[in-house]
Amino acid sequence: MSKKIVGCSAFGLRDVHYINPENLSGEEYFFEDFYLADALLPRKNSQKIRVGKSAELERFQAGLTWPLEAQVSPESYLQRVPIPFAWDVLVQAEDRRIRWESSKSASFSVESIIAAHVHNLVSPEDNLVLAIPDHLDELGQTGILKELQNLNHRDPKLIWRAVAATLSWKEKLDLSKLCNRKKHIIVIYIGADGIEFTPIEMFDYTPKDQKTSYCIPKRRRPEKRIPWTGMDWATSALQNIYHLEDNNAFWQSFTTANEIWSTLANNDFLPIHSPKVWHDGKKWKRWENNQVSQTELLKLKVETASKLYNLSSKSCKLRASTFKVDCNWGDYLQNEFKDVLKTSRKDSKLLSVIFCGSLVSENIPQWFLSLIPELEKLGVSAHGDLHEQEVGKIWIPKIQEDPIAEGAFLYGDYLQDNLPTYLDELPRLSLKTQKDGQPNWMKLVQKDEILGGEEYVEKIPKIVSIKKGYSSLKCQLLRGKKEKKEILDPDKFPKSKNISPAKAALIRDLVNKSTTKNFSWFTRIEEDYASEYKNFITLNETGKLLEQQDSPVREVVFDFPGKASQNIPVRIEVKMKPANGLAQVEIIPENIDGRSYFGNTRAFLDYSKMNSIALGGYGYPPLQDILIDPSDEYLNENSYILQNVLITKVEEEGYDKKVNSLRTFLSSRSYQTQFMAKEFRTRIIDQNGNPATNEGQKLINKLVQKIDLDMQMDVHDEKKFRDTLFVRGSWLWGQTPQSVLSYIRKILQGQPEGNIFNYALDAAGRSFKKKDDLQLLFNAVLKKNEQEYFSPQKKYDGIKINGARACYYALMYSPEATPALSINTAKKIAESALLRLKRIGEGAGYDKLFFQLILLLLFLLRVKKHSETCFYKMDEIYTGVLIQIEEAEKYFSKKRDLAKKNKVSDVKKLIQGFLDNQGSLSDVSGLVEAAED
C-alpha cells in the first residue's frame, strides 16, 4: 500500500497541510490557528527544539515584563525564533551556512528549526511534499531535506510554492484549447516570511514516445528577490501606528498575538477569544483593531524591520538589509506587479493572476484595485466569482483553501502516477579550466531544463588533472552567470577635492603601510579621506567585497587517499534534481595502465569545505605616486640650483656642472618630509613633473622653457652636448621639454647601439606619457633584447636593467602605458625578465636586480586591465617566476639574511595575490621601495 501523500505549506503563519481526500472521510485541509508560529531553542545542543503548542503556551521570552524570563533584549540570546524569520534568514543566507545561537555553547542550523516545525505538522509515516520559497538556495534545500530525514521522514520532497499554486490552479481546467500558444500566469505570494511576484510559463509538453500533450508549468530561475517581507510590514505598523517602541511590547504583539497579522491580512479574527488583552510596556489594555484601516497600512513607508534584527543580533549573524526605497507599501506592491508585467514575454498570453499566502484575504487587495483596468486590457478579468479557477480571470482562493498545500500534494500525486509535473530551469554550474592555454569556465550542466522529480546526469570527459605529488584537486566553481568582471580596477581609488594632490598621495602611502583604521590624529578632512581610501584598499582583504559583489565563485577541494606519482586526468560526473538540494559532483580518476589509480575511492564535492572567492578582485597593481613635500620646503631652500641653470648660458663655463647638480637635485628621493607625525622620503617633483605649490610650479615652468631652448642651441660638440642634456632634462618627468622628447624618440627609432640607447630607454621611462611614445618605448626594449639575443659576442641573459627600469617606471607612473602595452609585447618582456631572474640566480645571486625585476613583472600584470585572461595563476611564465622567488627565499635563508628573506616572502604573496585576482593594494609600495633602494 502506498504511503499517504501530504502537501504542506509551513511558512509560520496559518500553516496548512493537505491530504488526499480519498484517504479521508472528512476534511482535506488542516489549518493551524492564525498566529505566528515559533520555535523555542534549548540552551544545550543535546536537547530538543520545542515547537507548536508546546512553544506557544510557554511564557519564556513571550514579551511580558514579568517574570524576567519572559522578557527579550538585544543583549540576550533570542531563544524564541519566529518560523517566518527562520525562512527569511535561510533565503537571505543563500549558499552560506548559518546557525542560530541559543547560548554561549549551543547553536542550531536554521534548517533544523524549520524541519522541527514541519515535523510537528506532518507525521514521518506520511509521504511529505513541502513547499519552499522561490529563492531558496540549493544549500538551504539540502539542509532542510537532511534535517527532515534525521527526523525519520524517509523521502521528503520539495516544491516551489509558486509552482505548487499553479498546479492547483490548472488542476480543474481544460487548457487543451490553448495548445500551441505561448501563455503564462503570474503568482502573487504575500506572507509573513516573504513577498513574491512570480511569472510562470504554461508549456505544452509531450513525453517521449507518447502522443498525449500536457500543459504544465515551466519555472525560470529567479533573478530578483524582493528584500522585504510581511514581517517588515508588521514591524512598521507596530512602531508607527501602534507606537510600540518598548522591546517587550513589540515582541508580545509581534509573535505571541495574532491581531497584527489578521489586520494585515484584512481578515476577521480567527481565534474565538478576541479582542486580546495585552501589555504595551506600561499597562494592560484591550487590542482595539477597528481603529486601523487598510489605507493606513498601505501608506506606511517600506523599511526593514530593524527592531527585529536588533533583538536577534546576538543569536543570528545575518544583518538587516541596507537596501532602501522611498515609497509606501501600496505603491511598492503596485510597482513590483507592474515590473513583472513588463518583463513578461510580449508574445505570451496572460491566463490568470493567482493570489496566495497567509496575508492575502478572500477579496481583491486594496493596493491592486487600480491595476485592474491594465489587467483587463491583457484579457484578465476581476469580475464574477474569483474563488473559482478560470482562464482569463483572477483567482483568489477561499479562506478555507490553500493552493500551495494542495499544489504540493498534487506534485507528489503526479510523481506517484508517473505523470509530467513541471519543467524547471537547471542551475548553472561551471568549473574553471584551461582552454588553449587560457582560463576558461566550462559548463558542468549542459541541459537547460528538466521535469520536476527527474534526475539529471552529466558526464564530462577529462578536463582537469590531479597534479603529480598532490593528494587533492583544488578547483574554482561558478554558480550562476558570470555577469561581473573578474578584475576590479585599482586605479579608481577615491580622489579628494579638498586635499592637495601632494597631501593625498602622502595619506595614501601612510594608509598603505598602516594596519590601523583609526586616523583621529588627522584633521577632519584628512581623516575622512584616509578612512575612505582604507576602505577601498581593504575591500577585497576583509571579505566586504563578497557581500557587496555577491560573488558566485567558490574554491572547492576534492581529497584523495594518496599522492599522485604522475599527472592523473579525471572526469566529472554531475547529478541533480530540481528543488532537491545541491548537485552531487564526483571526480573520477582515469584508469592508469588498466587500473584505477586510487582503487575504489570516490571523491565527491564537499560543499562544507567550500571557500568563497570574490569574482571581482584586484588582478594588477594600481598606478603609483612619486611622493613630494606638500610645502615645497626643499625646493624653496635649494631654488638656487634651478636659478643657476636659468641664468647660465650653454656656452658658459660651468654649465655642465650646474646641469649635473640639477639632475642630482631632481632625481634624489632622500629628502625627509614630516607629515602627520610621520617621516617620508620624498622627491622635488612628482611623476607628472609638478611640485606642490604654485610658486614652485612657476619655477619649474621656467626651467622647462630654459632646457627646451638649450636643447636646440648650436654648440661646438653638438652630439655630446645633447646626449648629456636629454638625460638630465628627462628628470623633469612629465614636464620634460618637447625638444628633449624628440631627441629621445630619434634615438629609440634607431639601432640599439651603445650606452646612449640604454640611457634613452631610462629617459623614456620617466618622460614618455603619450600612448604612441610608450609603444615606441616597449618596442625599443624588445629591439634591444633581440640585439642581445643574436649577439655572437656574449650569452643572452635576458632584459637589461635599463629596459626593465624604463618599463616599470612607465607602467607605474603613466596611465597611457597600460593601453600602449600589447599582450604579445607584455609576454615577451616578461619572458626576458624571467630569464634574467634565472641568470642572476645562477651567477652572483639574488642580491642584485632581484627586486627591480620582480617590480617589472608585477607591473606587467597591468596588461590584465584590457585582457583579463592574460597572465593568470597557471600561466607558464609566472609559474616560473614563482619558482625563482622560492629559490631567492632559499638563497637569503642560507645567507641568514632574515630581513631580505622576509621581503622575498612578502613579494611571493604579493605576486600570487594578483595572479589570483585577489591582490593586496596596500603591499605594493613596499616592493617599490625595495626596488628603488
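In this predicted model, Asp-509 is found in helix α14, which covers residues 501-512. The protein around this residue has 933 residues, of which buried ones make up 57%, and its secondary structure consists of 31 helices and 33 strands. The points below begin with Asp-509 and then turn to the nonpolar cores, to one pair of crossing helices and to the protein as a whole.

**Asp-509 and its surroundings**
- Because the limit for a buried residue is under 20% relative accessible area, Asp-509 counts as buried, with a relative accessibility of 10%.
- The side chain of Asp-509 makes a polar contact, at 2.9 Å, with the side chain of Lys-513.
- When residues up to four places away in sequence are not counted, Asp-509 touches Leu-627, Phe-680 and Ser-925.

**Nonpolar cores**
- The largest nonpolar core is made up of 137 residues, and those with the most contacts inside this core are Trp-261, Phe-337 and Trp-367.
- Helix α2, which spans residues 83-93, gives the most to this largest core, with 8 residues.
- Apart from the largest core lies another one, of 123 residues, which includes Tyr-846, Val-924, Val-928 and Ala-930.
- Trp-261, one of the residues with the most contacts inside the largest core, is in contact with Leu-13, Phe-34, Leu-36, Ala-192, Gly-230, Met-231, Ala-234, Phe-254 and Leu-359, leaving aside its neighbours within four places in sequence.

**Helices α24 and α27**
- Helix α24 (residues 771-789) and helix α27 (residues 823-842) have axes that come within 10 Å of each other and cross at roughly 45°.
- That angle makes α24 oblique to α27, because it falls neither under 35 degrees, where a pair would count as roughly parallel, nor in the range of 65 to 115 that counts as roughly perpendicular.
- The crossing of these two helices, α24 and α27, is left-handed.
- Where the two helices meet, α24 contributes Phe-778, Asn-779, Leu-782 and Asn-785, while α27 contributes Thr-825, Lys-828, Ile-829 and Ser-832.

**The protein as a whole**
- Taken along the principal axes, the C-alpha atoms of the protein fill a box of roughly 115 × 75 × 60 Å.
- Among the contacts between residues at least 6 apart in sequence, 72% join residues that are at least 24 apart.

Conventions: Residues numbered from 1 in each chain as written. Predicted model: local features only at pLDDT ≥ 70, side-chain atom pairs only at ≥ 80, totals over all residues. Heavy atoms only, no water. Core = buried A, V, L, I, M, F, W, Y, C linked by side-chain atoms within 4.5 Å. Buried < 20%, exposed > 50% of the residue type's maximum accessible area, 1.4 Å probe, protein only. Helix = DSSP H or I, 4+ residues; strand = E, 2+ residues; numbered from the N terminus. Contact = heavy atoms within 4.5 Å. Polar contact = N/O pair within 3.5 Å; in protein donor to acceptor, adjacent residues only side chain to side chain. Axes fitted to C-alpha atoms, helices over the stretch in contact; angles between N-to-C directions. Parallel < 35°, antiparallel > 145°, perpendicular 65-115°, else oblique. Left-handed = near helix turned anticlockwise from the far one by under 90°.
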